[in-house]
Amino acid sequence: MADAVKLDAPKLKAKDFKSSQEVRWCPGCGDYAILAAVQSFLPELGLEREKIAFISGIGCSSRFPYYLNTYGIHSIHGRAPAIATGLATSRQDLSVWVVTGDGDALSIGGNHLIHALRRNVNLKILLFNNRIYGLTKGQYSPTSESGKLTKSSPMGSVDAPFNPLSLALGSEATFVARTLDSDRAHLQQVLRAAAEHKGSAFVEIYQNCPIFNDDAFETLKNPDTRDEALIRLEDGQPIRFGDKAVVQSGYGLEVKGADEVDESDVVVHRSDVDDPAYAFALSRLSGTALDHTPIGVFRNVRRPTYDELVRGQVDQAAAGVDRGEALDSLLHSGDTWTVL
Amino acid sequence: MNTVRQLDRVVIRFAGDSGDGMQLTGDRFTAETAKLGNDLSTLPNYPAEIRAPAGTLPGVSSFQIHFADSDILTPGDEPEVLVAMNPAALKANLRDLKRGGVVIVNTDEFTKRNLTKVGYEASPLEDGSLDDYQLIEVKLTSLTIAALEDHDIGKKDAARSKNMFALGLLSWMYSRTTAVTEDFLKKKFASKPDIAAANIAALKAGWNYGETAESFAVRFEIPPATLPAGTYRNITGNQALAWGVIAAGVASELPVFLGAYPITPASDILHELSKHKRFGVTTVQAEDEIAAAGAALGASWGGALGVTTSSGPGIALKSETISLAVSLELPLVVIDVQRAGPSTGMPTKTEQADLLMAMFGRHGEAPIAVVAPQSPSDCFDAMLEATRMALHYRTPVMLLSDGYIANGAEPWRLPDMGDLPDLSVAFATEPNGTDAKGEPVFLPFQRDPETLARPWAVPGTPGLQHRIGGIEKADGTGDISYDPANHDHMVRTRAAKIAGIPVPDLEVEDAGDASVLVLGWGSTWGPIGAAVRGLSDKGVPVARAHLRYLNPMPANLGEVLARYDKVVVPEMNLGQLSLLLRGAFPGVDVVGYNKVRGLPFTSNELQDALEEVIKNG
């Protein structure tokens, strides 16, 4: 990210990243918590504010850039990854972030998302997933559970939902993580890892929409249910939660009672596994029912970034070239003739 | 000894199977002709299919060259000489040939099988169907193979050199040298000296065949044209556009960022620019047309010269992004190489039917500047103009080329580097206002009072952090605003900014006695010019003018139009400029001449149409 990003001792404070704009989300919206977490995390980048750019599409989440005292564009529905690709490719010195939602990134902008990920453009993509269309007042989204009753699906949605992490992994993403709006410490820990990753970092943030899809992630938040549902992935640690553990099963992974398995069979999490099949299997532990939902960094591997490869070719070709002279010789190249 | 006859101009068409190397043959004949100092204009015609079956009508590829001892404006209406490498090439092109013209055929290919393939029941060489033409039969294939007997290559490779034999023969007929092509072949096949030698031998054999065979009683000479002094090269519209993009980067001292998605007939611009990264040109082949425009806009925000290229269907997809660029007030050059539509239409054929899309094809009130080059070489200058407007007025600009000038070529007098315009721009570096407390702040929509352009503050500039977006913003601060009066003001201000871009006055060619004006735009410049010359030679008075700036239009346009009883507007669409003119100048009698055949106008048809209007007063 900005090539030089090291997470330094912060010089700036969270308030330095607040813009003058009044924040206008619905009361109780999960976006407030994410905004506060991001504002208090950004000083850790150790960058001046002008070196940071946030680009969003359309939707509730996409108002985000207006509330940050950085450079920002609130762009077109679904197109933020494309616009950000142009900026990140041409400006090595910037830290470029994309803020998007489930409709923005996975429906109207699905194409741009998957191609940004496969290219591994140096972008940090924060997908606020509330499993509903909020700004347009409550239609089902590509992550809504099948059968969802909404204004546009009064008899229940018949769409099969996307699993955003599976999609990202299938798109060759090099960094894939999930976190929760309400868990600031975890959210910031994931942001930190994403910022340190050089290349596309895809972060799904489960975000509550109190108006149109309230408590969609309550299973993961309620003290009565969360211990049996929420899996906190930690590198180098066996994957255990509640009284359960994750073990290999057939071609994938499976949740079993901790007392049914040998300690040695419990999968030890490693985000740097080269084969994406492991992270994919993790992403399949839960569906929309959220019964076993891992959060944390699923995958974190290195691959050359698109923007550095593109700049590398341009820099190599342009080294020592005087553009004016080169243009003159280009115009005169090949067959020319002179009229006296 | 052959008779040598002087001609002032000639149009030759080389036609053959797409595997016969007709484009190369035409290209080399063009290079030799240019070297001799003739003015010239060329137009290739490729099959739509990539590899159509050999010997079939869809597989025919051709290349037409018009060259003369004076300056000329078009690749010519009708060829006077047709070189047909096989029956398919003859059948596909004969109807275009001038009555009495010369047909040179490769008789080796006129086999029963090849004739049947294209539906000839009897050989046209024998059934009298070519009686109206001067038929010259040459066994091109077998003569080439015989000429290469001593070369260490197989028969098949030898036969492939028949296009060079044909080129040699035509070079002899029209008194061209072969030296330029010999050098070219040596370079092209530097790693395959056997092939180079065989091609050169075939070329010379063709030339010598003309010299010795008795079929050719006459040779022709076309004396050099008197052209302005300078160094020239031949250039296609797409190449000139690509080089114009590079020059715009040099002249603006900005890095260039091209976002593109492959589409006929615009892809060659992407190909050409991809070769020239040494100019600081970044090319991104995006996942789709939308992303291509989006990436260019993102780069433009970051301080690059953002350019995106496409043709009609792709421009439609970019429409949303162009509207965002209108709202963000950022520079973006959008190149539309128009083709016959709607939808896929005829991708390899030309049309001018995207004018109204360029003008109005966006949501909301979203005016942009529109410029149209008039000839292949003019694409270079038009690109510099488009860049000037985009950078200085922080606006998208549409450049409307089309398939005719994109693939057509003409000699171009090379500009001096010192004559490149200064397109440099100043980025914002300091706060430009104060807040309520009197503290300095940056106001992203505080406009230059003269140009109405807003400051261009690129990310990375300390202290100028700001947020922009598609939501309506308050003039000055750029803060989100739903204020009715502000929106009305912003819509009108964006429109006034475009309307206020200065463009040169329209120039009119009028001997002083014309009552009819012919007004064109874009690629019809050549055919209209040739038609007007034809009328002038006949003593028929007509005035002509050509619009390069479609938006804003020249300030004197209304006054010019009002001077004439009638204004004839030829367009390769159903009357799009006519519609604009009737709307803007209701008193003017606009007569459209409209055809959408996927082909450029011929100067003859335009001449007839104009004469008709003039006669009928």
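**Note on a sheet shared by chains A and B, and on the nonpolar cores**

1. In this predicted model, nine strands form an open sheet with mixed pairing, in the order 7(A)-11(A)-5(A)-6(A)-4(A)-3(A)-1(A)-2(A)-19(B). Strands are DSSP runs (E, at least two residues; helices are H or I, at least four), numbered from the N terminus, and two strands pair if DSSP finds at least two bridges between them. Strand 7 (230-232) of chain A and strand 19 (467-469) of chain B each have a single partner strand, so one side of each lacks a neighbour in the sheet.

2. Residues are numbered from 1 along each chain as its sequence is written, and chains are lettered from A in the order in which they are written. Local features need pLDDT of at least 70, side-chain atom pairs count only at pLDDT 80 or more, and totals for chains, interfaces and linings use all residues.

3. Strand 2 (residues 71-74) of chain A and strand 19 of chain B run parallel and are joined by three bridges. Within strand 19, I468(B) is the bridge partner of I73(A).

4. The largest nonpolar core (buried Ala, Val, Leu, Ile, Met, Phe, Trp, Tyr and Cys residues joined through C-beta atoms within 7 Å) has 261 residues. Here, buried means that 20 or more other C-beta atoms lie within 10 Å of the residue's own, the C-beta atoms being placed from the backbone. V256(B), L258(B) and V397(B) have the most contacts inside this core. Helix 9 (residues 237-252) of chain B gives the most to this core, with ten residues.

5. A second, separate core has seven residues, among them W25(A), C60(A), Y133(A) and C209(A).

Definitions and conventions:
Buried ≥ 20, exposed ≤ 12 C-beta atoms within 10 Å, placed from the backbone.
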